[in-house]
Amino acid sequence: MNLTSEEKRMLAGKDGGLIREAMKFLVALGEAYNAERMIDISYANVFIVTSFWGEGSLTRDLIEEAVNNGVRVRVPTTSTNWGCGSLFTPDNIWEILEVPSSLKDQVLREKDIAKRLGIIPTWTCTPYLVCDTGWYPKGSYISTVESSAVVYFNSVLGARSNRDCLASFYAAITGKYPAYGFHLDKNRYGAYHFDIQAKVETRLDFALLGIFAGKISAMETPVFTGLRKPRSEGLVELSAAISSSGTISMFHIVGITPEAPDLETAFGGKKPIEKIIVSQADLENVHQHMSEKEGKVDFVCLGCPHYSIYEIKEVAELLDGKKIHKGVTLWVCTSPPTAMFAEMAGYADKIRQAGGIIMSGPNYCPLFGPGKPGPEYAFAHPNYSVGSFATDAAKQAYYAKPNLRAEKIFLGSREKCIETAIIGEWRNN
Ligand code: F3S
């Protein structure tokens with residue numbers, strides 16, 4: 001790769017051991033993908049999970065040492081959700097989740113490391129709902145973890161990111177990233193054309209469409225026509241669903257995606273691999289495969305990806321004056337900033353009075369994070385199951401069986417999930 005003098009200096013260790021290791025990693029990544037150069041990123045969204053890096057590993061030691069020696073992120077950087085407590089969780093959250101004290105200590109240490117690195121503590125999978133959009137304007141180079149966020153940044157906002165993991169952290173502390181993948185124009189064009197003839201309006205419709213299109217597209221970029229004025233929550237849901245059933249980093253919606261003013265531009269002038277007509281029956285078929293029809297429910301999870309304040313308002317209105325059924329757990333997952341708005345607006349009180357829990361701390365969603373019912377807990381307790389699980393999110397429904405050993409999975413609208421939490425069962429109506 002052609003490196004600038006600044007990049008060579010970092011690689012030579014002149015900015016410290018952690019920056020050297022970060023540049024080594026980014027150069028190796030770039031060489032693996034034949035990148036010719038590094039690009040300057042304007043924003044990063046990272047995992048701070050030191051357990052991923054291994055107890056006592058070189059990198060972890062380096063991070064502790066580097067933070068103590070003043071290493072900080074070089075671009076605006078946010079944190080995705082994993083286990084970090086915030087002000088807005090219930091007081092007894094660690095007990096509710098049965099988090100062992102050693103894991104709690106690790107989580108709190110990670111929170112402290114993130115703070116000292118200068119990372120903005122958003123702790124969310126939807127940072128784009130709470131952060132300054134000026135950090136990632138159309139065409140900007142960014143590096144983000146969390147597959148649904150990658151798709152949303154690329155497809156709705158027109159920023160450029162690959163599906164990153166540790167590379168995002170290294171990009172944040174160097175401000176650099178190898179120029180490959182979805183950073184290059186040539187890799188951003190569409191491959192499959194999905195002509196939507198089904199009614200796609202609600203969040204659930206977008207969930208089903210995402211699962212359908214992700215399975216067919218696999219790793220290629222789909223282009224959608226026939227979608228009219230989607231609400232932002234539909235686009236968030238589509239981003240999450242499509243990156244669950246497929247290894248998708250980007251979609252185009254003609255007339256919505258900044259790079260897709262028309263079909264020809266979305267495909268870069270090439271012919272699609274295939275044109276697929278999406279019918280109502282296709283989406284109903286997906287729904288039938290993903291959701292049981294009726295039965296008792298133990299756990300209802302909303303807020304995947306993390307709800308916006310407007311969605312929390314809708315939940316509060318649906319729960320106003322009602323009570324969650326005895327024995328049913330209702331989680332509403334969101335970011336700490338959004339939870340704060342919900343407190344200020346009185347929505348959080350209404351949800352709590354009904355018996356629901358706003359999750360904005362450790363274990364922001366059941367699929368990740370420390371404690372019960374997360375996968376670490378489920379696999380440490382061979383007989384554990386989350387029970388019957390209802391959600392309005394395709395991603396939760398997609399992973400609840402393998403991650404949480406859900407007995408039954410119900411996927412439906414937000415209204416249906418809340419009705420279920422109140423009556424304790426999913427009815428076939
Ligand atoms: Fe976010 Fe968890 Fe869903 S991280 S996208 S709420 S699976």
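This briefing describes two sheets, a ligand site and some backbone features of the structure above. The model is predicted. One sheet has 3 strands and another has 5 strands. The ligand sits in the second largest pocket, and strand S11 of the 5-stranded sheet gives the most residues to the shell around the ligand.

**The sheet of 3 strands**

- Strands S3, S2 and S4 form an open sheet in the order S3-S2-S4, with parallel pairing.
- Strand S3 (77–79) and strand S4 (142–144) are at the edges; each has a single partner strand, so one side of each is left without a neighbour in the sheet.
- From one strand to the next, the twist averages 10°.
- Strand S2 (residues 43–46) pairs with S4 in the parallel sense, over 3 bridges.
- Within this region, Tyr43 stands opposite Ile142 in S4.
- Helix H8 (residues 166–174) packs on the sheet and touches S2, S3 and S4. The direction of helix H8 makes about 140° with that of S2.

**The sheet of 5 strands**

- An open sheet is formed by 5 strands in the order S13-S12-S11-S14-S15, and the pairing is parallel.
- The edges are taken by strand S13 (357–359) and strand S15 (406–411), each of which has a single partner strand, so one side of each is left without a neighbour in the sheet.
- On average, and with direction ignored, neighbouring strands of this sheet are turned by 25° against each other.
- S11 and strand S14 (residues 387–391) are paired in the parallel sense over 3 bridges.
- Phe299 stands opposite Phe389 in S14.
- As general background, strands of a sheet pair through backbone hydrogen bonds, either parallel or antiparallel.

**The ligand and the residues around it**

- The pocket that holds the ligand is the second largest.
- Around the ligand are Asn81, Cys125, Glu146, Ser148, Gly303, Cys304, Pro305, Cys365, Leu367, Phe368, Lys395 and Gln396.
- Two or more residues of the shell come from each of two elements, strand S11 (299–307) and helix H17 (394–404).
- S11 gives the most to this shell, with 3 residues.
- By class, the residues of the shell divide into 6 nonpolar, 4 polar and 2 charged.

**Backbone features**

- Cys304 and Pro305 are joined by a cis peptide bond, with omega of about -15°. Pro305 lies in strand S11, and both Cys304 and Pro305 are among the residues around the ligand.
- A cis peptide bond also joins Lys372 and Pro373, where omega is about 10°. Pro373 is found in the loop between S13 and helix H16 (375–380).
- Asn34 has a positive phi of about 60°, although Asn34 is not a glycine. Asn34 has its place in the loop between helix H2 (17–32) and strand S1 (38–40).

Definitions and conventions. Residues are numbered from 1 along each chain as its sequence is written. This is a predicted model: local features need pLDDT of at least 70, side-chain atom pairs count only at pLDDT 80 or more; totals for chains, interfaces and linings use all residues. Side-chain values use heavy atoms; hydrogens and water are left out. Two strands pair if DSSP finds at least two bridges between them. Helices (H or I, at least four residues) and strands (E, at least two) are DSSP runs, numbered from the N terminus. Axes are lines fitted to C-alpha atoms, for helices over the stretch in contact, and angles run from 0 to 180 degrees between N-to-C directions. Contact means heavy atoms within 4.5 Å. A residue is near a molecule or strand if one of its heavy atoms lies within 4 Å of it. On a 1 Å grid over the protein atoms alone, a cavity is a set of points where a 1.4 Å probe fits but cannot get out, and a pocket is an open set with protein on both sides within 12 Å along at least five of seven lines; lining residues have an atom within 4 Å of a point. A molecule sits in a cavity or pocket if more than half of its atoms lie within 2 Å of its grid points. Ala, Val, Leu, Ile, Met, Phe, Trp, Tyr, Cys and Pro count as nonpolar, Asp, Glu, Lys and Arg as charged, and the others, Gly among them, as polar.
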